[in-house]
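Q: I'm new to this structure and would like a close look at one part of it. Could you walk me through the place where two of its domains meet, and then whatever else helps me get my bearings?

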Amino acid sequence: MNKKYLLKNATIFDGAGSNPFNGNVLIENGKIVEVGNINNVDAEIIDINGKALAPGFIDMHSHDDVAMFIYPDMDFKLMQGVTTNVNGNCGSGVIPHSSADIVNWYPNLEGIPEWSSYGEYSDLVNKSKTSVHSAFLVGHGPIRKATTGNEERMPTKSEFDTMKAWIKEGMEEGAVGMSTGLIYEPGRYSNTEELIELTKTISPYNGVYFSHMRNEAGNLIQSVEETIKIGEEAGCSIEISHHKVSGQENWGKSVESLNTIDEARSRGLNVHSDQYPYNAGSTSLFALVQNNAFTTGDGGMGSQTGDKVTIAGSSVDPSLVGKTLGDLCDEFDLPEQEAAQKILKTDPGIFIVTEGMVEDDIARILAHPTTMIGSDGVPLPGNPHPRLYGCFPRVLGKYSREDGVISMEEAIHKMTGLSAEKANLNDRGLIKPGLNADIVIFDEDTIIDKATYDNPRVYPEGIIHIFVDGELSVKNGKQTEVRAGKVARRS
Ligand SMILES: [Zn+2]
């Protein structure tokens, strides 16, 4: 039941990056009806007391495609102000179901429904009553796994046809674009030509090519160039996923990676990045081993040392959680590579958190006008990376208010208006009449992330109310019973 609310006396951040202004917002039937000096209407009045009011945050880098069925509350996202997830990043996707990257990730898939098309998947998402809206990308991983597999060769004509049919079906169902994960199986076996050929399928739909690039370390610049080339030749908009510089020997390369983006934009290309603002990443231990992180360091993640790699999740052996790979090296009396291989034998799905980035690069990337915010959070059991609970408030509290890297209105633009425009989700992202009433009300003076590496499952401070589709989903800092999330289709 949608009610009519008058949100009075708010400091309004419109999501377009404008200076904040004081005013009232009227919402009804899930939409923003009026913004300004509204009085004398018959509506439930909520006094905002001068606190900040912004569009609901759009998480450009989500992995909740399946998690939303397991955790429909989606508290980890909603409670940080996210009202729309863009799922299907890093090449992971949900079609075909049999090849989807789900099984290794979650210990218990009971109750997870089956689907055989993006259409069926979307219907299930709409029925599943989650708290956050879900946009999706077509993931390259499962469609490649189901056709060409892990073979390092060009797909055949018929394999291409099969993959393109799946991509097309996803785009027709409203996907935002396609994603690749080029350090993972099977994405790592795909060459640039294959990816250009497939990406051409999304161009007629204004789709965006998202990529977890082949290399975020020594060959970062070549990888940015490859990503841009794929989008340019396919004729579509480009998003570099979790833009970062891994490995001490590479720190500072964000100057060049951002220059490469600027140069492409000056040629008329539509290139952006998303970012989570932390100096540690998180991925599967298997990917580190496969990308030579403990041996030559010449893979996509550079060199990693055992003391910086902490086990974040294992569905087989939870006692590993919190130990570093260095601890296990001592325990087993083995070097890093072999210690990692030993524990992967019992659980190939082990997730880790690994330190490897530096503040200068993080701040430089965040300050760049083409960077948006994406949590990359993965809601696995264990000790997930704190970005799952804290990414957005951290940008607002630490990087804007405390460190002054960007203004509050820029920070909000990077998580709302800019993201909606990039993803062609034109019904959200701004405080403007006619748009969805996805709204976050927070305290500019106190908002901050509280999730840490040791204690990641902690909600941020400073979030007051959240509306999803005009329904009060968080009230006075507490999640309500409302589950108003729906599929968010490309406009
Ligand atoms: Zn990724």
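**Where domain 2 meets domain 3**

A: Let's start with the layout: the chain is divided into domain 1 (5–55 + 432–479), domain 2 (57–279 + 356–423) and domain 3 (280–355), with bounds that come from an automatic or database domain assignment. This is a predicted model, where local features need pLDDT of at least 70 and side-chain atom pairs count only at pLDDT 80 or more, while totals for chains, interfaces and linings use all residues. Residues are numbered from 1 along each chain as its sequence is written, and side-chain values use heavy atoms, with hydrogens and water left out.

Now the meeting place. The centres of domain 2 and domain 3, taken over C-alpha atoms, are 23 Å apart. On the domain 2 side 27 residues take part in the contact, and on the domain 3 side 24 residues do; contact here means heavy atoms within 4.5 Å. About 1800 Å² is buried between the two, and carbon and sulfur atoms give 51% of that. (Buried area is the accessible area, with a 1.4 Å probe, that two parts lose on being put together, summed over both.) Ile183, Asn383 and His385 supply 23% of the area that domain 2 buries against domain 3, more than any other three residues.

What about polar links? Between domain 2 and domain 3 there are eleven residue pairs in polar contact, both at pLDDT 80 or more. A polar contact is a pair of N or O atoms within 3.5 Å; within protein, one must be able to donate a hydrogen and the other to accept it, and residues adjacent in sequence count only if both atoms are side-chain atoms. The count of salt bridges is zero, a salt bridge being a side-chain nitrogen of Lys or Arg within 4 Å of a carboxyl oxygen of Asp or Glu.

To get your bearings elsewhere, try the zinc ion: its protein donors are Cys90 (SG), His212 (ND1) and His242 (NE2), lying 2.0 to 2.3 Å from it. Donors are N, O and S atoms within 2.8 Å of the metal (3.2 Å for Na, K and Ca), and water is not among the atoms, so sites may look incomplete. Along the chain, the donors follow the spacing C-x121-H-x29-H. Cys90 and His212 are both buried, that is, under 20% relative accessible area (exposed is over 50%, partly exposed in between, with a 1.4 Å probe and protein chains only).

One more stop is Arg144, which counts as buried because its relative accessibility is 0%. The Arg144 side chain reaches the backbone oxygen of Gly149 at 2.6 Å.
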